[in-house]
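Hi everyone, thanks for making time. I'd like to walk you through a structure that's probably new to you, so let's get it up on the screen.

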Amino acid sequence: METVSTNRAFGGVQGVYRHASAVTGTDMTFSVYVPPHEAGATLPVVWYLSGLTCTHANVTDKGEYRRLCAELGLIFVAPDTSPRGEGVPDDPDGAYDFGLGAGFYVDATQQPFAQHYRMWSYVTQELPALVAAHFPADPDRQSIMGHSMGGHGALTIGLTFPDRYKAVSAFAPIVAPSQVPWGHKALGGYLGDDRAAWRKHDAVALIEDGARLPALLVDQGAADAFLEPQLRPGLLRAACDGAGIPLTLTLRDGYDHSYYFIATFMGDHLRWHAARLTQQGAA
Ligand SMILES: N[C@@H](CCC(=O)N[C@@H](CSC=O)C(=O)NCC(=O)O)C(=O)O
């Protein structure tokens, strides 16, 4: 693992790192914020998954998480959103909603994407092992959040590994990719036309098929241009109500899809995560 940069921030260290990923077959860059802590301590880890067009840098530069992560003692990890580099295929038309910056946190089965587009395995297996090996991370205290496509990733990964992540939340998530244009393009392109294969990468479908969590926190901007065509939070509300999953879903008047919205409510999410990471089984 190579250190790209480190900066002192709120008594801790904001770092950017690069490594040769065996899973994606490419170099991958990610950021880690480590709060101030006692020598020898291990710390809870909050995973943040970013959305379409993002790298690790969008939330690192605009997410405004460091002050509260320093106060709460949380490590904050931000991976990239897709493989990149020589030989990595992109959307045939260069569109932003597929290919580079749009890995949708799945392991692609369709050619030519199957070789490198393995963001499910990267985020759930390879990168957690790397973080545990190089940072004072407590693997028994992990949580996950994300925005938009990253909210889709956080929900599907959290629902798949309910014993690993003590808290799962999202900002403006894609809750049912099987039912919206972004998801049709991505799941069809990466996984093929078998809709049954899409269900494990669709939060609403996972809940319909029996996945459960003790609680979910979702914030959604009411002025988000993608609200009804792509995000459709009402589908998550209906699925959680039907499954008895306590969902705190708040529509935020006047807020859009941007990092101004995320930064505004990042503190609420970090406090919600911290309460579940530091007290087993918090209500
Ligand atoms: N047309 C825009 C739209 C891209 C966009 O809004 N991306 C969001 C995530 S959308 C679903 O995952 C984002 O996080 N952008 C990065 C940012 O820093 O705001 C475009 O072409 O960029």
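**Helix α4, the ligand and Asp91**

Okay, let's start with helix α4, residues 149-160. It has twelve residues, and at 1.5 Å a residue they should span 16 Å; the end C-alpha atoms are in fact 16 Å apart, so the two agree. Keep in mind that this is a predicted model.

So how many of the twelve residues of α4 are buried? Eleven of them, so to speak: the helix is mostly covered. Among the buried ones are Met149, His152, Leu155 and Ile157, along with several glycines, including Gly150 and Gly151.

Met149 takes us over to the ligand. There are 14 residues around the ligand, and Met149 is one of those that come nearest, together with Leu52, Asn58, Lys62 and Ser148. And where does the ligand sit? In the second largest pocket.

Now for the polar atoms. Ser148 has a side-chain N or O atom 2.8 Å from an oxygen atom of the ligand. Asn58 puts a polar side-chain atom 2.9 Å from a ligand oxygen, and for Thr53 the partner is a nitrogen atom of the ligand, at 3.5 Å. On its own the ligand has 540 Å² of accessible area, and the protein covers 71% of that.

Last stop: Asp91, in the loop between β5 (75-78) and α3 (119-134). Is Asp91 buried or exposed? Its relative accessibility is 6%, so Asp91 counts as buried. Its side chain reaches the backbone nitrogen of Ala95 at 3.0 Å, and also makes a polar contact with the side chain of Lys185, at 3.1 Å.

How values were computed. Residues are numbered from 1 along each chain as its sequence is written. This is a predicted model: local features need pLDDT of at least 70, side-chain atom pairs count only at pLDDT 80 or more; totals for chains, interfaces and linings use all residues. Side-chain values use heavy atoms; hydrogens and water are left out. Helices (H or I, at least four residues) and strands (E, at least two) are DSSP runs, numbered from the N terminus. The expected span of a helix is 1.5 Å times one less than its number of residues. Buried means under 20% relative accessible area, exposed over 50%, partly exposed in between (1.4 Å probe, protein chains only). A residue is near a molecule or strand if one of its heavy atoms lies within 4 Å of it. A polar contact is a pair of N or O atoms within 3.5 Å; within protein, one must be able to donate a hydrogen and the other to accept it, and residues adjacent in sequence count only if both atoms are side-chain atoms. Accessible areas come from the Shrake-Rupley method with a 1.4 Å probe; for residues, only the protein chains shown count as cover. On a 1 Å grid over the protein atoms alone, a cavity is a set of points where a 1.4 Å probe fits but cannot get out, and a pocket is an open set with protein on both sides within 12 Å along at least five of seven lines; lining residues have an atom within 4 Å of a point. A molecule sits in a cavity or pocket if more than half of its atoms lie within 2 Å of its grid points.
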